[in-house]
Amino acid sequence: MRTDILGVGFDDLTLDEAARAGAALVERGGFHYAVTPNPEFLLEARTNAAFRQTLLDADLVLADGIGVIYSAKILGRPLKGKVTGIDFAQRLLRWMAAQGKRLFLLGAKPGVAELAAAHLKDAYPGLIVCGTRDGYFTQDAPVVEDIRACAADVCFVCLGAPKQELWMAKNGPETGCSLMVGLGGALDVFAG
Ligand code: UDP
C-alpha cells in the first residue's frame, strides 16, 4: 500500500529500507525503475497525465526532500522520513560495489558523467562503471543500444523531470537493465 500525497503514491520507507528494496529490484530480474518526486514533481503531475502515470507505475517511489514530508504530515498521512535521490544512490552504490554490479551513467552536459564516474570509482572501490553518456542526444535508439551493449545492471538517468521519468518508462525495458533510477542533477553533484 502506498501513501497518497496529492495524487502520487509514495513508498513509506526509511533510507535503509529503500536501499534494501532497490537492491532486491536489481536481483529480481526483469526491468524496474525508481523515482524520487519532490514538490515540483507533484505540481507537474497534476497537469501532465503521462508524467503522472510514470510515477504511478514506478517500482519504487521515494520522497525526495522535506517538502513532501511536510505535505504528508499536514495531510495526516506522515511518512517515516525523506529519502533523497542522492542518499538512495549512495547506499545503492555501496551495495553495488560490494556485489560487482555494473552501473551506467546517463545524463548531464558532455564530460560530466565521465567526471562523476571517476569520482564514484574512487569513492566506492570495486564499483564497475560500465558506460557513460551525456543527456543531450536526439535519438533514443543509440542510447538504448549503448546501455544494452555495456550489460549494465543499474542506470542512473539524470535528464531532469519529467524527461527522465518518461524516458525510463519508455526505453528502460529495451536496455536489459534491472533498475533505472531518475536522479535529476545527481551527476553534477557527483562530478563535484
Ligand atoms: N539534462 C540533460 N538533458 C536534458 C535536460 C537536462 O541531461 O535534455 C540534465 C542537466 O544537464 C542536469 C540535469 O539534467 O544535469 C537536471 O538537473 P536539475 O537539477 O535541473 O533537475 P532536477 O533535479 O531539478 O529534476
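**Figure 1. The loop between strand 5 and helix 6 holds A108.** This loop follows strand 5 (102–107) and is the place of A108 in the predicted model. A108 has 27 other C-beta atoms within 10 Å and is therefore buried. Its backbone carries a positive phi, near 70 degrees, in a residue other than glycine. A108 is also listed with the residues closest to the ligand, together with G135, G160, G184 and G185.

**Figure 2. The ligand is surrounded by 14 residues.** By class, six residues of this shell are nonpolar, five are polar and three are charged. The closest residues include G135 and G160, as well as G184 and G185.

**Figure 3. The chain as a whole contains nine helices and eight strands.** The radius of gyration is 16 Å, close to the 16 Å given by the globule rule for 192 residues, so the chain is as compact as a globular protein of that length. The C-alpha trace spans about 45 × 35 × 30 Å along its principal axes. Of the 192 residues, 46% count as buried. Among contacts with a separation of 6 or more, 74% are between residues 24 or more positions apart.

**Figure 4. Six strands form an open sheet with parallel pairing.** The strand order is 4-3-8-7-5-6. Strand 4 and strand 6 (128–133) stand at the edges with a single partner strand each, so one side of each is left without a neighbour in the sheet. In general, the strands of a sheet pair through backbone hydrogen bonds, either parallel or antiparallel.

**Figure 5. Strand 3 (residues 32–35) is covered on both faces.** H32 and A34 on one side are buried, as are Y33 and V35 on the other. Strand 3 runs parallel to strand 8 (residues 179–182) and is joined to it by three bridges. Within this pairing, Y33 stands opposite M180. Strand 3 is also joined to strand 4 (residues 60–61), in parallel, by two bridges. Here the bridge partner of A34 is L60.

**Figure 6. Strand 7 (residues 154–158) pairs with strand 8 in the parallel sense.** Four bridges connect the two strands. One residue to follow in this view is V157, whose bridge partner in strand 8 is G182. Leaving aside residues up to four places away in sequence, V157 touches L106, G107, Q164, W167, M168, M180, V181, G182 and L183.

**Figure 7. The largest nonpolar core comprises 63 residues.** The residues with the most contacts inside this core are L105, C155, F156, V157, C158 and L187. In soluble globular proteins, nonpolar side chains tend to be buried together.

**Figure 8. A117 is found in helix 6 (residues 112–123).** A117 counts as buried because it has 21 C-beta neighbours inside 10 Å, where 20 or more are required. Apart from residues up to four places away in sequence, A117 touches L105, V129 and T132. L105 is also one of the residues with the most contacts inside the largest nonpolar core. From A117 to L183, the C-alpha to C-alpha distance is 15 Å, across 66 residues of sequence.

**Figure 9. A cis peptide bond joins A161 and P162.** The omega angle of this bond is about 5 degrees. P162 is found in the loop between strand 7 and helix 8.

**Figure 10. A151 lies in the loop between helix 7 (141–149) and strand 7.** The phi of A151 is positive, at about 55 degrees, although A151 is not a glycine. With 13 other C-beta atoms within 10 Å, A151 is partly exposed. One of the residues in contact with A151 is G176, which also touches R148.

**Figure 11. G176 is found in the loop between helix 8 (163–175) and strand 8.** G176 has 16 C-beta neighbours inside 10 Å and so counts as partly exposed. The C-alpha atoms of G176 and L115 are 25 Å apart in space, and the two residues are 61 residues apart in sequence.

Note on methods. Residues are numbered from 1 along each chain as its sequence is written. This is a predicted model: local features need pLDDT of at least 70, side-chain atom pairs count only at pLDDT 80 or more; totals for chains, interfaces and linings use all residues. The radius of gyration is taken over C-alpha atoms; the globule rule is 2.2 Å times the number of residues to the power 0.38. A residue is buried if 20 or more other C-beta atoms lie within 10 Å of its own, exposed if 12 or fewer, and partly exposed in between; C-beta atoms are placed from the backbone. Two residues are in contact if their C-beta atoms, placed from the backbone, lie within 7 Å. A residue is near a molecule or strand if its C-beta atom, placed from the backbone, lies within 6 Å of it. Ala, Val, Leu, Ile, Met, Phe, Trp, Tyr, Cys and Pro count as nonpolar, Asp, Glu, Lys and Arg as charged, and the others, Gly among them, as polar. A nonpolar core is a set of buried Ala, Val, Leu, Ile, Met, Phe, Trp, Tyr and Cys residues joined through C-beta atoms within 7 Å. Two strands pair if DSSP finds at least two bridges between them.
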